[in-house]
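Hi,

Here is the structure I promised to pass on. Have a look first, and my notes follow underneath.

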Amino acid sequence: MLAFLPVVIDMTILHVAVPRLTQALGASNNQVLWIIDIYPLLMAGLLVPMGTLADKVGNRRILLIGLVIFGVASAVTAFAPTAQMLIGARVMLALGGSMIMPCVLGIIRRTFEDDKERGLALGLWGTVGAAGAAVGPLIGGALLEHFWWGSVFLINVPLMLVVAPACWLLLPCQEQTTPGHWPIGQALLLVMGMVAVVYAAKTGFGGNQPLAVVLLTLVFGLAMLVLFARKQLRAAAPMLDLSLLAHPAIVAGIIMAVVVSGALAGVELTLAQELQYVLDKTPLQAGIFMIPIMAAAAVGGPVAGWLSARYGLRPVASLSMVVAALSLDGLAVQDFHAPGLLVPVLLALLGLALSIGLTASSMAIMGSVDASKGGAAGSLEATGYELGTGLGITLFGVFMSAIFGRNLTAPVGLPPNLADQAAVSMGNTYLVAQQLSDDQAAALVAAGKAAFSTTHSVLLLTAAALIGGLAVLVFFLLAGMRKGTVRH
């Protein structure tokens, strides 16, 4: 849990820093999206190779190396002077994080053989994951109240100085490993394929690359993934056991991980910007506003374990998605200027439901595999989380920009080039406003706030529809589940 916490905090701690980082580095909207999601997207490509490597050489060794890389990368990231260097430093963070995450799940799977004990352990893991992601904006806001934007990364360094020695002392040196060599060629195929496909999706939806470039990148990525899959099916000891995907419970778990983590990341990013840009809250105030999500998410993991043991995983997973969808529907139509009691209650319900859903996805996946495949299954699950987070930020960011641009009514007399620049994002609106007279700046900011409020409602309703559809899909995919276990 100690090793896992900094990695999940780093997924969301940057959200409240976006406005200040954008202005400090003069970052474009596209650069901001890359700064945020290069971390989860690259991790999505690296997690399966690192999970299988951990199965072969030991979780303890890979975990310790990952912690060191993560700590060093955090220090480099904190002092990056340009947007380009910050993106490069986030690549280093992704490498370290991809070594940490599957090892944590692999260690849990190897340690707990009993279904109930494993359910409780995964519940605690889910709590740390959901609460860590939720507390990220609060920690980020508190740091930005007193320090510069780089402090949201520098906080990882003292954490690593505590966590790495603790793991070195507490984890057993001897552990069972899987024999055979680690096929680095297959790992490179997977990484190139996933990154190329995601890049094609990102630039395709964003419309910032020629269609020919997008299609070529997509074809290249798909070709790499097909070649990787063929090698896995033919290999005597494949890097990724694709037979795991024959279990409907594992498929359901991965889909839940992708959609729920994507929606959560997109919603948090949207709320963080709404609170600061539209309601003029400080980063700390924005973090405090989202405390109900954090507090409720903290209890969701153990609650999911208890409910699943009592009623079965299928109804718990499906109903949690229904509650999350209804909560998002409610938040989409609320006035955040006068939140009253209803908005905190809806935020708490959302945090609780999504935390239960994420834990349920973990229980479905990890309960369907033998202990010897714990690292591989853990990396599959973690890939779902990271891919969902990266795609969620990308698609929400691109969707946000498109809706915002359509709803922004530029003040009369604003030059067309500045109007086009302001229509890209709310951050750009503030940057353009700095170049205008006081009256024009005030009019442009007011127009931007109105446009972003509309954008925020559309995005939350879209997330609600996605999660509502997921509830139905999960209900059918988990038809083979029994109470407390998985039917193989």
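The sulfur of Cys103 has its closest cysteine sulfur in Cys167, 9.8 Å away, which is too far for a bond. Keep in mind that this is a predicted model. A disulfide would need the two sulfur atoms within 2.5 Å, and Cys167 is in no disulfide either, with the sulfur of Cys103 as its nearest at 9.8 Å. For the structure as a whole, the disulfide count is zero.

Are these two cysteines buried or exposed? Cys103 is buried, at a relative accessible area of 0%. Cys167 is buried too, with a value of 10%.

The other thing I looked at is a pair of helices, α14 (residues 313-332) and α15 (residues 342-366). Their axes come within 8 Å and cross at roughly 150°. That angle makes α14 roughly antiparallel to α15. The crossing of α14 past α15 is left-handed.

So which residues meet there? From α14, they include Leu313, Val316, Ala317, Ser320 and Met321, and further along Ser327, Leu328, Gly330 and Leu331. On the α15 side, the residues they meet include Val343, Leu346, Leu347, Leu349 and Leu350, along with Ile356, Gly357, Ala360, Met363 and Ala364. Sorted by class, the contact of α14 with α15 has 19 nonpolar residues, four polar ones and no charged ones.

That's what I have for now. Happy to talk it through whenever suits you.

Cheers

How values were computed: Residues numbered from 1 in each chain as written. Predicted model: local features only at pLDDT ≥ 70, side-chain atom pairs only at ≥ 80, totals over all residues. Heavy atoms only, no water. Axes fitted to C-alpha atoms, helices over the stretch in contact; angles between N-to-C directions. Helix = DSSP H or I, 4+ residues; strand = E, 2+ residues; numbered from the N terminus. Parallel < 35°, antiparallel > 145°, perpendicular 65-115°, else oblique. Left-handed = near helix turned anticlockwise from the far one by under 90°. Contact = heavy atoms within 4.5 Å. Nonpolar A, V, L, I, M, F, W, Y, C, P; charged D, E, K, R; others polar. Buried < 20%, exposed > 50% of the residue type's maximum accessible area, 1.4 Å probe, protein only.
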